[in-house]
Amino acid sequence: MGWGLAPRPHIGHGWSINALWVRMMDRTFDFIIVGAGSAGCVLANRLSQDPAVKVLLVEAGGQDNSTFIRMPAGVGKLLGSDAHNWYFDTEGQPHLSNRKLYWPRGKVLGGSSSINGMIYIRGHARDYDLWRQLGLEGWSYADVLPYFKRSEGREAGADDFHAADGPLNVATTKNQSPLIRAFMEACREAGHTFTPDFNGAEQEGYGRYESTTKGGERWSAAAAFLRPILDRPNLTIETKALTTRILFEGKRAVGIEYAQNSNRIQVRAEREVLLCGGAVNTPQVLLLSGIGAGDYLRRWDIPVVADLPGVGENLQDHLDASIQYECTQPITLYSQMKAHKMIMTGLEFLLFKTGTGAQLPTDSGAFLKTRPELELPDIQLHFLPAIVHDHGRKKSDRHGFLLHMCQLRPQSRGHVRLKSLDPFAHPLIQPNYLKEEADRRTMRDGVRMAREIFAQKAFDPYRGPEYDPGAHVQSDEDIDRFIREKAETIYHPVGTARMGNDAMAVVDASLRVHGLEGLRVVDASVMPTLIGGNTNAPTIMIAEKASDMILGKPAMAPIVPRAFTNADAA
């Protein structure tokens with residue numbers, strides 16, 4: 001067939017040409033899905049509903065059977081370990097004291113939904129209306145709302161914005177910590193308004209998060225979409241199988257090559273290859289497959305299949321600064337860090353799915369404006385009754401509490417590129433955090449807003465010394481220095497294979513790669529702009545909508561909720 005059986009000239013990662021052999025499996029599939037993360041699990045479910053459609057799902061990581069994945073409080077262990085985690089690092093950040101930032105991303109069935117903080121947030125309605133204004137027909141809020149609802153099984157019940165019968169369980173958080181009550185009261189005292197539903201008619205304000213949990217367990221995309229369909233005979237799942245490149249006949253994608261058990265295996269897709277690797281892995285696979293800026297690919301001696309200069313560009317992420325205080329009372333999560341407490345927590349979770357292990361660590365938060373004239377909230381807060389160092393990789397030694405404060409709509413843009421032709425090697429990740437002065441201003445103002453909340457009377461019984469950045473840090477220059485030295489990702493990279501109609505776009509509004517046939521990208525990399533909130537629910541929505549496009553089904557009818565005003569529903 002002429003679709004690339006010859007070995008690549010460079011392999012790497014301990015492979016040798018003599019030890020490595022290439023075989024073509026004796027099976028072909030209608031669809032091949034690359035990556036069993038949030039989007040890939042949704043596509044596997046929806047596309048395999050027709051028993052006549054053969055689907056292959058290929059995942060670089062392993063099974064999602066770890067107790068730490070099932071246990072909501074296990075998120076700290078997952079973020080600090082490479083067992084189910086790509087464990088990426090960025091390049092040095094010029095505006096963050098040249099630090100290399102740690103980027104955890106899921107490498108397991110369920111992808112990042114198996115290691116994330118489980119917060120269910122869709123972003124602001126205006127985020128999607130902006131996509132439509134950028135020329136992406138079918139991506140306004142009214143267009144995407146029915147797909148959010150299709151996936152959702154909300155325990156609090158259905159309404160104009162929500163559904164209760166979808167596979168993705170959405171639970172109301174119930175942590176009764178006095179510190180969480182203090183946070184909510186302090187927000188009120190600081191003059192902020194309460195919002196009962198961050199995903200409803202009004203996002204701005206403070207309140208409780210909803211979570212992708214069920215019965216005290218994490219409810220990842222794998223639990224929601226994949227686990228119930230494992231017995232479908234038309235669905236094949238390959239784990240520990242890293243996709244090395246997409247295979248082409250001319251301009252048509254006809255299959256993939258993946259590495260598994262020291263072999264390279266080539267499989268064929270009769271209809272489409274669906275790339276669901278996420279904002280880091282997707283551009284890496286595209287570049288290794290000859291899709292990217294032509295001059296750049298030629299420098300790597302990669303044959304150019306499609307000259308698309310936008311591949312790997314437009315990288316955006318939410319940068320986070322943690323404002324932390326010591327707590328004067330022993331009521332924080334530090335109480336659970338002693339060995340006997342951890343054993344008891346684990347046993348209670350395993351036996352009853354209750355207790356600290358079954359609780360969402362970041363139960364409450366807020367979406368706020370740093371300046372009153374802004375149309376939309378520009379910062380998000382996550383409250384946590386603990387002091388945290390380095391994503392939990394360094395243990396705390398005291399009681400405390402914190403606010404994660406992240407900027408929602410950064411102007412700075414970065415990129416993902418190759419470091420090596422070895423598909424096992426991590427790519428080059430350069431987010432360019434705080435390149436733009438507007439981003440630095442928002443982060444600085446956000447630190448001050450978080451401090452203002454902690455200064456309220458509600459925290460008087462609990463507030464000890466300010467641990468980070470420290471009470472001495474007051475001037476703009478000092479706050480900027482704190483951010484440069486301590487800010488980290490809050491795990492929401494998007495945009496590196498963005499939708500659009502211009503020269504830098506990678507996919508069209510139907511997620512088809514420009515200039516090619518049989519290849520779509522379905523994951524957070526297609527977002528043209530970063531939405532104002534956590535990105536897991538939007539990624540699931542994108543895959544829900546994509547599944548209809550792929551199968552040639554008509555789009556679901558737009559929904560304009562009655563609770564919206566005319567201005568909100570524009």
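The paragraphs below walk through a predicted model, beginning with its nonpolar cores and ending with a single loop residue.

In soluble globular proteins, nonpolar side chains tend to be buried together. In this model the largest nonpolar core has 91 residues, and the members that touch the most others are Leu43, Trp139, Leu286, Ile291 and Leu519. Helix α13, which spans residues 536–551, gives the most to this core, contributing seven residues. A second core, separate from this one, holds 49 residues, among them Ala190, Cys327, Val416 and Tyr462.

Trp139 is a useful place to look more closely. Leaving aside residues up to four places away in sequence, Trp139 touches Tyr128, Trp131, Arg132 and Val144, together with Met499, Ala509 and Leu511, and also Met541, Ile542, Lys545 and Met549. Helix α13 is also the place of Ala546, a residue that counts as buried because its relative accessible area is 1%, under the 20% limit. With residues up to four places away in sequence again not counted, Ala546 touches Leu43, Leu511 and Val522. The C-alpha atom of Ala546 is separated by 9.7 Å from that of Tyr147, although the two residues are 399 residues apart along the chain.

Two packed helices are described by the angle between their axes and the distance between the axes. Helix α4 (residues 125–133) and helix α5 (residues 141–151) have axes that come within 8 Å and cross at roughly 125°, and the two helices are therefore oblique to each other. Where they meet, Ala125, Tyr128 and Asp129 belong to α4, while Tyr141, Val144 and Phe148 belong to α5. Sorted by class, this contact has five nonpolar residues, one charged residue and no polar ones.

Helix α8 (residues 278–288) is largely enclosed by the rest of the structure, because 11 of its 11 residues are buried. The buried residues of α8 include Gly278, Asn281, Thr282 and Gln284, as well as Val285, Leu286, Leu287 and Leu288. After α8 comes Gly290, which has a positive phi, near 90°.

The last stop is Ser420, which lies in the loop between β22 (415–417) and β23 (428–430). Ser420 is buried because its relative accessible area, 18%, is under the 20% limit. From this position in the loop, the side chain of Ser420 reaches the backbone nitrogen of Asp422 at 2.9 Å.

Technical notes
Residues are numbered from 1 along each chain as its sequence is written. This is a predicted model: local features need pLDDT of at least 70, side-chain atom pairs count only at pLDDT 80 or more; totals for chains, interfaces and linings use all residues. Side-chain values use heavy atoms; hydrogens and water are left out. A nonpolar core is a set of buried Ala, Val, Leu, Ile, Met, Phe, Trp, Tyr and Cys residues joined through side-chain atoms within 4.5 Å. Buried means under 20% relative accessible area, exposed over 50%, partly exposed in between (1.4 Å probe, protein chains only). Helices (H or I, at least four residues) and strands (E, at least two) are DSSP runs, numbered from the N terminus. Contact means heavy atoms within 4.5 Å. A polar contact is a pair of N or O atoms within 3.5 Å; within protein, one must be able to donate a hydrogen and the other to accept it, and residues adjacent in sequence count only if both atoms are side-chain atoms. Axes are lines fitted to C-alpha atoms, for helices over the stretch in contact, and angles run from 0 to 180 degrees between N-to-C directions. Angles under 35 degrees count as roughly parallel, over 145 as roughly antiparallel, 65 to 115 as roughly perpendicular and the rest as oblique. Ala, Val, Leu, Ile, Met, Phe, Trp, Tyr, Cys and Pro count as nonpolar, Asp, Glu, Lys and Arg as charged, and the others, Gly among them, as polar.
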